Amino acid sequence: MDENLGPLVMNCSDYIRCCLTEHLGNKTYYIYLPEEDARIKINQQESKLQDLYMEHRERLSKDHQKYFENTYKRVAEKGARLPQFYRTAKVHKKKKSVWPIISSVGSFPQIFSKYADWWLKIIVRKNLHVMIT
């Protein structure tokens, strides 16, 4: 969905073709990674994020430390979902076009994106208040 204009029904092969031609097949923005290389990159990312947390955890409040520890524990028990690529159709465009989405829900990077989002909302609220007054 796009622009809240409602759902779009599309032939599955058209959906896949648009996805590949407009996005995943565009070597300017995407590269193919064999599965083993992708797993190595994911493990490196997780390791770097954990190192970042360990390096700075003493600066965090006890509640924020608890958030990270509980989330790490959940991921260790249940595993993390890999981020998923999908796309939505731009129904307001005359030519069939798509908008790429990378969903990180349930993934390891989401642990940190939720935390960053929490802080960014505070910063934006404070700056909006300054800009409005």
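Start by selecting Phe68, which you will find in helix 3. You are looking at a predicted model, so treat each stop on this tour as a feature of that model. At 2% relative accessibility, Phe68 counts as buried because the cut-off for that label is under 20%. Now show its neighbours. Leaving out residues up to four places away in sequence, Phe68 touches Tyr53, Leu60, Ile111, Phe112 and Tyr115.

Pick Ile111 from that list and draw a distance between the two C-alpha atoms. Phe68 and Ile111 sit 43 residues apart in sequence, yet 7.3 Å separates them in space.

**Next stop: Tyr53**

Move on to Tyr53, whose place is in helix 2. Is Tyr53 buried or exposed? With a relative accessibility of 3%, Tyr53 counts as buried. Its contacts, again without residues up to four places away in sequence, are Leu60, Gln65, Phe68, Glu69, Tyr72 and Phe112. Phe68, where you began, is one of them. Try a distance here too: Tyr53 and Glu69 are 16 residues apart along the chain, and their C-alpha atoms are separated by 10.0 Å.

**Look at the rings**

Keep Tyr53 on screen and turn to the aromatic side chains. How many aromatic pairs does a search of the whole structure find? The count is 11. One of these pairs joins Tyr53 and Tyr72 in an edge-to-face arrangement, with 5.6 Å from centre to centre and 75° between the planes. Tyr53 belongs to helix 2 and Tyr72 to helix 3, so this pair ties together parts that are 19 residues apart in sequence. Tyr72 counts as buried as well, at 14% relative accessibility.

Now select Phe68 together with Phe112. Their ring centres are 5.2 Å apart and their planes meet at 45°, so this pair is tilted. Because Phe68 lies in helix 3 and Phe112 in helix 4, the pair ties together parts that are 44 residues apart in sequence. Both Phe68 and Phe112 are buried.

To see these rings in a wider setting, select Tyr53, Tyr67, Phe68, Tyr72, Phe108, Phe112, Tyr115, Trp118 and Trp119, which form one aromatic cluster.

**The largest nonpolar core**

Make a new selection of Leu49, Tyr53, Leu60, Phe68, Tyr72, Val75, Phe108, Ile111, Phe112 and Tyr115. These 10 residues make up the largest nonpolar core. Which elements give two or more residues to this core? Colour helix 2 (35-56), helix 3 (62-78) and helix 4 (108-132), and you have them. Helix 4 gives the most, with four residues.

**Across to His23**

For a change of scene, select His23, found in helix 1 (residues 12-24). His23 has a relative accessible area of 12%, so this residue too is buried. Beyond residues up to four places away in sequence, His23 touches Cys18, Tyr30, Phe85, Val98 and Pro100. Keep Phe85 in mind, since it returns at the next stop.

**The largest pocket**

Switch on a surface and look for the largest pocket, which has a volume of about 690 Å³. A good way to find its centre is to select Leu33, Ala38, Pro83, Phe85 and Ile102, which lie nearest to the centre among the 18 lining residues. Helix 2 and strand 1 (84-89) are the elements that give two or more residues to the lining. Helix 2 gives the most, with six residues. If you colour the lining by class, you will see 12 nonpolar, three polar and three charged residues.

**Step back**

Finally, clear your selections and show the protein as a cartoon. What pattern does the protein follow when read along the sequence? The order is α-α-α-β-β-α, made of four helices and two strands. Colour by burial next: buried residues make up 20% of the 133 residues. As for contacts with a separation of 6 or more, 59% of them are between residues 24 or more positions apart. One contact to revisit as you finish is Phe68 with Ile111, which are 43 residues apart in sequence.

Technical notes
Residues are numbered from 1 along each chain as its sequence is written. This is a predicted model: local features need pLDDT of at least 70, side-chain atom pairs count only at pLDDT 80 or more; totals for chains, interfaces and linings use all residues. Side-chain values use heavy atoms; hydrogens and water are left out. A nonpolar core is a set of buried Ala, Val, Leu, Ile, Met, Phe, Trp, Tyr and Cys residues joined through side-chain atoms within 4.5 Å. Buried means under 20% relative accessible area, exposed over 50%, partly exposed in between (1.4 Å probe, protein chains only). On a 1 Å grid over the protein atoms alone, a cavity is a set of points where a 1.4 Å probe fits but cannot get out, and a pocket is an open set with protein on both sides within 12 Å along at least five of seven lines; lining residues have an atom within 4 Å of a point. Grid points are joined across faces, edges and corners, and a volume is the space filled by probe spheres set on the points. Ala, Val, Leu, Ile, Met, Phe, Trp, Tyr, Cys and Pro count as nonpolar, Asp, Glu, Lys and Arg as charged, and the others, Gly among them, as polar. Contact means heavy atoms within 4.5 Å. Rings of Phe, Tyr and Trp (its six-membered ring) pair if their centres lie within 6.5 Å; planes under 30 degrees apart count as stacked, over 60 as edge-to-face and the rest as tilted.
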